[in-house]
Structures are given as C-alpha cells and as structure tokens.
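Here are some notes from going through this one, jotted down point by point. Have the viewer open while you read.

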Amino acid sequence: MLSPEAPLLVLHEGAIHAEGPAWQASHDRLLFSDVPNRRLNAWYEDDGRVEVAIDATWFMNGNAVAADDAVWHCEHGRRCISRSQPDLAEAPEPIVTHFEGKRLNSPNDVAVAADGTIWFTDPIFGIAMPSQGALADPELDHRSVYRFDPTSGALARIADYEQPNGVALSADGATLYVSDTSVSLGEVPGFSAGDKHEVWRFVAAPDGSWGDGEFFCRTDHGYPDGFAVDVRGWLWVSAGDGVHVWSAEGVRLGYVPVGATVSNLCFGGSTGRRLFIAAQSRLVALDLKA
C-alpha cells in the first residue's frame with residue numbers, strides 16, 4: 001500500500017538515461033545504469049552518496065543481483081550478458097554472447113530466478129541507437145526471451161516478440177512477465193516501429209515447461225519498459241507518466257505519477273518496502289506502507 005501523502009524522494013539527479021536499478025543487500029546499495037554515460041552507479045543507503053561503481057561500461061542497461069551476490073548485467077556494446085563479482089572490483093566477465101553460433105542482438109533486461117537461472121530479453125535497441133551502443137546489423141533473425149542456466153551452461157530460447165524489453169519473475173519463480181515495446185522504435189531514424197506496448201505473462205507448468213504466453217496488460221501512456229513484482233504478486237509497471245500497478249489477476253489497481261518517463265524499477269532498501277524508480281535523469285524512490 002502507498003499513502004497518498006508519501007513523498008517522492010529524489011536520490012540522484014544528472015543521469016542522461018537512468019536504467020536497470022537492482023538492490024544489493026549485502027552492500028546496502030542500489031545499483032543503476034546510466035546507459036549513454038557508460039556508467040554503473042551505486043547509491044548507498046547509509047548516507048545517500050552516489051559513486052561510480054563501474055566506469056566506461058559497454059553501455060550497460062539491465063542489472064540483477066543473484067543469491068550468491070554476483071551481479072548480472074545486460075551490455076549493449078558487447079552484445080552480451082556479463083557477470084561481476086559482488087564487490088565489482090574486477091571488470092565484468094562476458095558469459096552469454098551467442099545463440100546457436102550467432103551473436104546476440106543487444107540484451108536489454110535481466111532477472112534472476114530463485115533456482116539461479118538467468119532470464120533476459122534481446123531486442124535490437126542497442127545496435128539501432130548510437131547513444132545506446134554501436135550500430136550493427138543483427139545476426140539473428142528473431143528477437144527473443146532466453147533462459148540461461150549458469151550451472152550447465154544451457155541457453156534456451158523461450159519466446160519471440162517484435163522487441164522484447166522488460167522481464168521480471170514472481171517471488172516464487174512460477175510466473176514470468178515480459179514486455180514487447182516495438183512502438184518505441186518509432187524514435188529511431190531508419191526503423192519502422194511496430195505497435196506493441198504491452199506485457200505478456202507465462203505461468204510455469206508442473207513439469208517445468210512454460211508453454212505459450214498470454215496477454216496481461218497494456219500501458220496507455222508510453223510503454224512498459226521495465227517492471228517489478230511484489231510479494232503479493234502485484235506488477236508495478238513503468239510508463240511514460242509514472243508507475244502503473246496491476247494485481248496478479250490483471251486488475252489495474254492504481255497509478256503513481258512521477259512527472260517523467262520511467263524506464264525501470266525495483267524493490268529494496270533495508271525494509272524491503274522502498275520502491276526505487278529510474279526516471280530519465282533521476283533516481284527517485286517511494287516508501288510503501290506495506
């Protein structure tokens with residue numbers, strides 16, 4: 001729940017395009033990308049300072065923290081999923097670079113399941129927009145959602161979309177949400193935009209398969225770039241005017257105005273009830289009552 005009087009806390013200003021917030025509890029910090037500035041920043045809860053955790057990144061976008069505290073990244077420039085050690089002291093190591101012998105497009109968002117598997121989306125934004133990566137022709141003829149098992153090294157193609165963007169899992173790992181935002185390519189010269197600005201849902205079967213996805217919701221303002229699932233199963237979705245909230249049953253519950261286009265969000269903080277929001281040049285937060 002959110003009190004109507006809850007203030008929108010501005011934690012950081014000055015990014016070009018803030019993205020990929022991920023809470024790292026072991027270090028009491030919020031990691032977030034500034035994609036065009038090629039930085040991974042860290043906001044610290046104890047004193048509110050912001051430091052550059054990794055400089056001169058390869059256009060990092062989405063980030064996720066695993067149970068072993070390793071940090072997984074989506075890199076547009078190297079067109080890969082990479083992994084950093086918890087202290088971020090060494091350069092990220094590319095882990096997933098190809099699918100069936102062909103380079104990935106430009107991984108965009110990533111989530112870690114309870115079983116340790118890595119889920120990520122692979123649209124073409126990072127190879128179509130110079131400010132987001134490096135111009136290149138795609139080697140793959142599809143834009144897909146993948147599941148990677150770090151233990152076995154197996155990489156599975158789960159589903160195809162026009163431009164898969166956000167990805168998130170429910171707390172129990174049984175529900176997967178993916179957005180298709182092909183409409184956003186209308187901002188890129190030389191590319192024909194699609195009309196997708198929607199979120200799809202997959203539910204795991206008892207045998208571990210995922211089957212076909214089903215349409216879940218559509219944002220009326222902007223497009224659902226990224227999102228987070230809370231412990232009740234509510235989906236908090238980014239949009240052009242703020243954050244929109246849906247129940248697990250697909251009922252729209254409310255809207256949090258932010259006054260800027262929201263790219264992604266996550267839960268965290270020492271209480272676990274703080275909603276961190278990456279919104280254009282700013283990192284902001286809301287403290288929830290429950």
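1. Let's begin with the rings, bearing in mind that this is a predicted model. There are ten aromatic pairs in the structure. One of them is Trp-23 with Phe-276, a stacked pair with 5.6 Å between the ring centres and 10° between the planes. In sequence the two partners sit 253 residues apart, with Trp-23 in strand S2 and Phe-276 in strand S25 (residues 274–279), so to speak a link between distant parts of the chain.

2. How buried are those two rings? Trp-23 has a relative accessible area of 15%, so it falls under the 20% cut-off and counts as buried. Phe-276 is buried as well, with a value of 0%. The two also belong to one aromatic cluster, in which Trp-43 is the other member.

3. A second pair to look at is Tyr-161 with Trp-200, which is tilted: the centres are 6.0 Å apart and the planes make an angle of 55°. Tyr-161 comes from strand S15 (residues 155–161) and Trp-200 from strand S18, so this pair ties together parts of the chain 39 residues apart in sequence. Tyr-161 is buried because its relative accessible area is 12%, whereas Trp-200, at 23%, counts as partly exposed.

4. Staying with S18, look at its strand partners. Strand S17 (residues 175–180) pairs with S18 (residues 198–203) in the antiparallel sense, over six bridges. Within that pairing, Thr-175 stands opposite Val-203. S18 also pairs with strand S19 (residues 214–218), again antiparallel, this time over four bridges. Trp-200, the ring from the tilted pair, faces Phe-215 in S19.

5. Next, the sheet that contains S25. Four strands make up an open sheet in the order S1-S26-S25-S24, with antiparallel pairing. S1 and strand S24 (264–268) are the edge strands; each has a single partner, so one side of each has no neighbour in the sheet. From one strand to the next the twist averages 20°. At the S1 end, four bridges join S1 to strand S26 (residues 282–287), and Val-10 has Val-284 as its bridge partner there.

6. Which residue would I check by hand? My pick is Glu-19, in strand S2 (residues 18–24). Glu-19 is buried yet has no salt bridge, and Arg-282, the nearest side chain of opposite charge, is 15 Å away. A salt bridge would need a charged nitrogen and a carboxyl oxygen within 4 Å, so that arginine does not supply one. What does Glu-19 touch, then, beyond residues up to four places away in sequence? The list is Phe-32, Ser-33, Val-35, Asn-61, Asp-225, Ser-263, Asn-264 and Ala-278. Note that an aspartate, Asp-225, is among them.

7. Last, Gly-14, which sits in the loop between strand S1 (9–13) and S2. Is it buried or exposed? Its relative accessibility is 57%, so Gly-14 counts as exposed. Leaving aside neighbours within four places in sequence, Gly-14 is in contact with Asp-34, Asn-37 and Ser-281. For a sense of distance across the model, Gly-14 and Phe-120 are 28 Å apart, C-alpha to C-alpha, with a sequence separation of 106 residues.

Conventions. Residues are numbered from 1 along each chain as its sequence is written. This is a predicted model: local features need pLDDT of at least 70, side-chain atom pairs count only at pLDDT 80 or more; totals for chains, interfaces and linings use all residues. Side-chain values use heavy atoms; hydrogens and water are left out. Helices (H or I, at least four residues) and strands (E, at least two) are DSSP runs, numbered from the N terminus. Buried means under 20% relative accessible area, exposed over 50%, partly exposed in between (1.4 Å probe, protein chains only). Lys and Arg count as positive and Asp and Glu as negative; His and the chain ends are not counted. Contact means heavy atoms within 4.5 Å. Two strands pair if DSSP finds at least two bridges between them. Axes are lines fitted to C-alpha atoms, for helices over the stretch in contact, and angles run from 0 to 180 degrees between N-to-C directions. Rings of Phe, Tyr and Trp (its six-membered ring) pair if their centres lie within 6.5 Å; planes under 30 degrees apart count as stacked, over 60 as edge-to-face and the rest as tilted.
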